[in-house]
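Subject: Structure handover

Hi,

Here is the structure I promised to pass on, with my notes on what turned up in it. Please have it open while you read.

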Amino acid sequence: MLTRLVVRNLAVVEAAEVAFGPGLNVISGETGAGKSVLMGALHLLLGSRADRSVVRTGTEEARVSAEWSLTPETQQAIDALLSEADIDPCEGGLLLIQRTLSAAGTGRIRVNNCPATAGLLRQLAPRLADIHGPNDNLSLLDEAFQLHLLTAFADAPDEVAAYALAWQRFTAAEARLAALQGDPAEREAEAERLAEALADFRAINPTEADGEELIERHAQAANAGEILALGNALTDALTDGEAPASEQLQAIQRELRNLARLLPEAGDWANELAGIQAQLQELSRAMAERLSRVDADPDALAQLEARLGQIQRLRRRYGPTLADVLAYRVQAEARLAELQGAEGAIAQAQADRDAAREGVDRAGQALTAKRRAAADRLSQAITAELRALGFAQSDFPIALERLPQPGPSGADRVCFCFAPNPGEAPRPLAAIASSGEIARVMLAVKLLLARHDRVPTLVFDEIDANIGGETARKVGEKLHALAANVQVLCITHQAQCALFADVHHRVVKCVEDERTVTRILPLDEAGRLAELARMLGGGPAALAHAQAMLAR
C-alpha cells in the first residue's frame, strides 16, 4: 500500500507530508483548497507527463516522493521490472519513488535512489495504484473500454495472448501478400529496371577493391613520373649515386676504428654505425623494389581512370558509398528473383494468409466464448452492486455481438445497457444523461474489477459527485467494504462517505506572509467530528447530525 506521500513546491502546496494507512483513507476540504494537487502528485509518480507550470511560483523546483509497502507477490513483480532497468531491488518490501521538476522544464526521476525514467514509472503504475478521476466516468461510455472491462472480468489472459499472436501473424501475412501482388504493370516495370541495373553490375562487376584501393592505385599511376623521379634520387643519395650516404658512413666507420686505438668507446660507436649502415642498405633495397612496381605506362593510367569513372557512376546511381552499391546489388538480385517467381510466391502468400486467418478465427472464437460466458456473470454482478448503491430495481444487461470482420481486439462488439427504473427498457449506457448514474455504474465496475486486477491501492477522486443523502451513504459503505481487501484513497465532499474513513485528512487553504498555502492535516476523533459537521453545513444541528451518523 501507499504509506507516505511528500510534496514540495507543487502548485499551491509549499510543503506537505501525508501518512496513509490500510483501509479507507479519506481526504476532504473546501473546493479549491488543493486536494487535486495530491492527485497531481500521484499522477507524476506514476509516470504522467510533467508540466513545469505546476512548479510553485517563486521556487526553482517542485519535488514529490512516495513510499510503497509491498506484499511479497507484488515485490517480486516490481523487482523483475527494476532488474530489467538495472535498478536496485526493493529492500524490506519498500519501494521509493522521487520525481523532481524544475521551473526551467528539466526533471529527474529516482527509484530506490537510482536514476530512472518516466517510462519505467508507467510500467510500475499498474502494479501500484489505479487512479479514478471525475473525467474517467466518460470512458465507460466508450465501446472499446467496455470491451476491455469485459475481457478483464473474463479472466482470459491465455485467450487474449493467443489471439494477439494470431492477429500479428495474420497482419504480417496480409502485408506480405499485398507487397507481392501490387499492380502487375508496376511489377513488370520494376523487374525491367532491376534487370537493367543488374546488367550494369555484370558489365562492371564492382568489388570491395574498387574502394580506397582503386583510388590509391589511380593516384599512384597519375603521379608515376614524379614518384619515380623522387624515389630514384633518394636511392641514389642512399647507395647508388656518386657520393652516396653509404660510402660516407663507411669512411666514418674507418675513422672510428682508428679512434678506438686511443679511445676504447669509439669501438662501440663504430659497431653502432655498422648496424645503421646495414639498415640503410636494407631501406635502399626496399625502396628500389617498390619503385620497380610503379607503372608509368599511360595505357595503365587510362584503364584506371576508366574503372574509376565506372565505379563513380554506380555510386551516383546506387550509392552514395561503395558499400551501398554492393548492398543494392544483393537486394536487386533477391527482389528480381522474387518478381520473376511472383506467381508462385503470390499463391504461397495467399495460402499463408488464409491459414493465418483461420488461426485468427479459431483464437477469436475461443476469446468470444470466454467473453460470452463472462458477460452474463458481469451483468448480474454489476446489477447486484447497483441495487446496493440505490438502484433497487435496476437491470444492467450486456449485449455481445459478433463482428463481420475481426480486429486487433477480437471479433466482438459489446454494449453496456442500463435500465435504472422498473418498467423502462434497457438503453445503451451512452444514452444515459445523468452523470450521477454513470458515476455509480463506474463505481460498481471498479468494485468488481478490484477483486480481479489485484491493484493494491485504488484512488477515487470525487467518485461520489452528483449524489447525496442515502445514496452517498451506500457509496461510503461500499468503499468501506472494498477497503477491507485493498487500500482505498478517496477525495470526497460527502460527509456520508467520509464518516466511514479509517484514516481522515483535511486539506485547508490559507494565506501566510501574503502567499496562499495549502496544509494537509491528519484528523483525530474530535477533528473528524468537526470536519463532518462542516461538510454537513456547519452549526449545532450539523454537529449533532455528525455525532448521530458516527454513532450509527
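L82 has a long contact list: setting aside residues up to four places away in sequence, L82 touches I87, D88, P89, C90, L95, V111, N112, L120 and L124. Please keep in mind that this is a predicted model. L82 sits in helix 2, and it counts as buried because its relative accessible area is 0%. One further pair to look at is L82 and A116, which are 34 residues apart in sequence and have their C-alpha atoms 9.3 Å apart in space.

Helix 2, residues 72–84, also holds Q75. Is Q75 buried or exposed? Its relative accessibility is 17%, and the cut-off for buried is under 20%, so Q75 counts as buried. Leaving aside neighbours within four places in sequence, Q75 is in contact with L70, C90 and G93. C90 is thus named again, as it is also among the residues that L82 touches.

Now to the sheet. Six strands make up an open sheet, with antiparallel pairing and the order 2-1-4-5-6-7. Its edges are strand 2 (13–19) and strand 7 (114–115), each of which pairs on one side only. Helix 1, residues 35–45, packs on this sheet and touches strand 1 (2–10), strand 2, strand 4 (61–69) and strand 5. The direction of helix 1 makes about 105 degrees with that of strand 1. Within the sheet, strand 5 (residues 94–102) and strand 6 (residues 107–111) run antiparallel and are joined by five bridges. One position to check there is L101, which stands opposite G107 in strand 6.

How many of the residues of helix 1 are buried? Eight of the eleven are, so helix 1 is largely enclosed by the rest of the structure. The buried residues are K35, V37, L38, M39, A41, L42, L44 and L45. Just after helix 1 comes G47, with a positive phi of about 100 degrees.

L44 and L101 come up again in the cavities. The count is two cavities of 30 Å³ or more, and the second largest holds about 30 Å³ of space. Lining that second largest cavity are L10, L44, A62, R63, V64, R99, T100 and L101. Strand 4 and strand 5 are the elements that give two or more residues to this lining. If you sort the lining by class, there are five nonpolar residues, one polar and two charged.

Strand 12 (residues 457–461) is next. Five of its five residues are buried, and the strand is mostly covered. Which residues of strand 12 lie on each face? T457, V459 and D461 are on one side and L458 and F460 on the other; both faces are covered, with all of these residues buried. Strand 12 has parallel partners as well. Strand 8 (residues 129–132) runs parallel to strand 12 and is joined to it by four bridges, with I131 standing opposite V459. Strand 13 (residues 487–491) pairs with strand 12 in the parallel sense over five bridges, and the bridge partner of D461 in strand 13 is I491.

Last, a hairpin. Strand 14 (residues 503–512) and strand 15 run antiparallel, joined by eight bridges. Two residues lie between these strands, and D513 in the turn has a positive phi of about 50 degrees. One of the paired positions is H505, whose bridge partner in strand 15 is P522.

R515 belongs to strand 15, residues 515–522. With 35% relative accessibility, R515 counts as partly exposed. Not counting residues up to four places away in sequence, R515 touches R56, T57 and C510. What separates R515 and E14 in sequence and in space? They are 501 residues apart along the sequence, yet their C-alpha atoms are 9.8 Å apart. E14 falls within strand 2 (13–19), an edge strand of the open sheet.

That is what I have for now. Happy to go through any of it with you.

Best wishes

Notes. Residues are numbered from 1 along each chain as its sequence is written. This is a predicted model: local features need pLDDT of at least 70, side-chain atom pairs count only at pLDDT 80 or more; totals for chains, interfaces and linings use all residues. Side-chain values use heavy atoms; hydrogens and water are left out. Buried means under 20% relative accessible area, exposed over 50%, partly exposed in between (1.4 Å probe, protein chains only). Contact means heavy atoms within 4.5 Å. Two strands pair if DSSP finds at least two bridges between them. Axes are lines fitted to C-alpha atoms, for helices over the stretch in contact, and angles run from 0 to 180 degrees between N-to-C directions. On a 1 Å grid over the protein atoms alone, a cavity is a set of points where a 1.4 Å probe fits but cannot get out, and a pocket is an open set with protein on both sides within 12 Å along at least five of seven lines; lining residues have an atom within 4 Å of a point. Grid points are joined across faces, edges and corners, and a volume is the space filled by probe spheres set on the points. Ala, Val, Leu, Ile, Met, Phe, Trp, Tyr, Cys and Pro count as nonpolar, Asp, Glu, Lys and Arg as charged, and the others, Gly among them, as polar.
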